[in-house]
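Visitor: I'm new to this one. Can you walk me through it?
Guide: Yes, here it is.

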Amino acid sequence: MSHRATDSHPLSTPAIIGLAIALMFIWGTAYTMVSVGVRTVSPIWLVSTRCIIGAVLVTLWALYRGHKFPPLRDSRWRWYGLLGFTGMVLPFWLFSKGQITVDSGLAAIIAGTMPLMTIILSHFFAHEPLSKRKAFGFFIGFCGIAMLFLPDDLSLSLIADWRAQLLLVGAAFCYAVTTVTAKRAPDTPPSLGAAMMLIAAAIMATIAAVYSGVPSTFPPAQGLWMIAGLGIGSTAIGNILFLYVIKRMGPSTLAKINYFPPIIAVGAGVLLLGEAFTYKIVLAFVIVVIGLIIARSGSQGFGFKWPKSSG
């Protein structure tokens, strides 16, 4: 491993906080870009192109960090190929399909339930017992999601696009599966693992996109901008920032950062796309966050733990 991979020049605390804020905006605005992108690009081609761009950039980053890719017969390719499918190809496609009719802010709130689903899966597959506190937190969060499927008068009938929202729930479940599966994956440097995931995801998504049919026309400028924004932003830079922030601040603080992208997504959707802003969205988000706080309270605490400044 080269000298670059040793993180010999850690950033100061204000710089790391700035990266964390940037990560919130990158994740939050990704939902807005998907909502715009699917208007002119088919969901599977949107997934394919963003994965290709992300794979190229993150691979270059891993090589810059001094990492070497293992041979193809190495078991890590199978592990990270699986993670690429469950953590990128399938959820990216489900979000793209769902956001054809579902607002970006609503999609972000549903995605924010991933930690709640992880708690349940970890009980069965990661040897992390489900305590009464975690179960109660999950129940509260589930009530928040259930509210999103009801009409504004909160009657027991389902809204018209409940099927599209169910696709988004499936995407959040994919992220939870990926989180639990990643704990069993062979030890690999994070940037190298991310590059392997994206390479595998790009290959699988491109095969699926070609099989679905090559578009007869080139996407308009708006679609190309969304592809570039998703590929460079949330897929590449977002992954790199995620890896750095989680290393410097820890998973507990990063989990709390996940509370903010839905707020940013709702704001961006309302301001840029003219999406509806209703009390039901606010109430559902508050209930989901309360469920997350209850489920994560105790050993992890509520506070942010910023790293000490390096100079």
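**A first look**

Guide: Buried residues (under 20% relative accessible area, with a 1.4 Å probe and protein chains only) make up 50% of the 311 residues in the chain. This is a predicted model, in which local features need pLDDT of at least 70, side-chain atom pairs count only at pLDDT 80 or more, and totals for chains, interfaces and linings use all residues. Residues are numbered from 1 along each chain as its sequence is written, and side-chain values use heavy atoms, leaving out hydrogens and water.

Visitor: How many helices and strands are in the chain?
Guide: The chain has 12 helices and zero strands; helices are DSSP runs of H or I with at least four residues, strands runs of E with at least two, numbered from the N terminus.

Visitor: Which elements have the lowest and highest mean pLDDT?
Guide: Helix α10 (residues 251-257) has the lowest, 66, and α2 the highest, 96. pLDDT is the predictor's confidence in each residue, from 0 to 100. For the chain the mean is 85.

Visitor: And where does pLDDT stay under 50?
Guide: Over residues 1-8, and also over residues 299-311.

Visitor: New topic. Which element gives the most to the nonpolar patch?
Guide: α2, with five residues. The patch has about 560 Å² of accessible area together, and L63 and I232 are among its residues. Elements that give two or more residues are α2 (43-64) and α9 (221-249).

Visitor: Is L63 buried or exposed?
Guide: In between: L63 is partly exposed, with a relative accessible area of 43%. L63 sits in helix α2.

Definitions and conventions:
Patch = residues over 30% accessible without salt bridge, like charges linked within 9 Å, V, L, I, M, F, W, Y side chains within 5 Å. Areas by Shrake-Rupley, 256 points an atom, 1.4 Å probe, with all protein chains shown as cover. Salt bridge = Lys/Arg side-chain N within 4 Å of Asp/Glu carboxyl O. Contact = heavy atoms within 4.5 Å.
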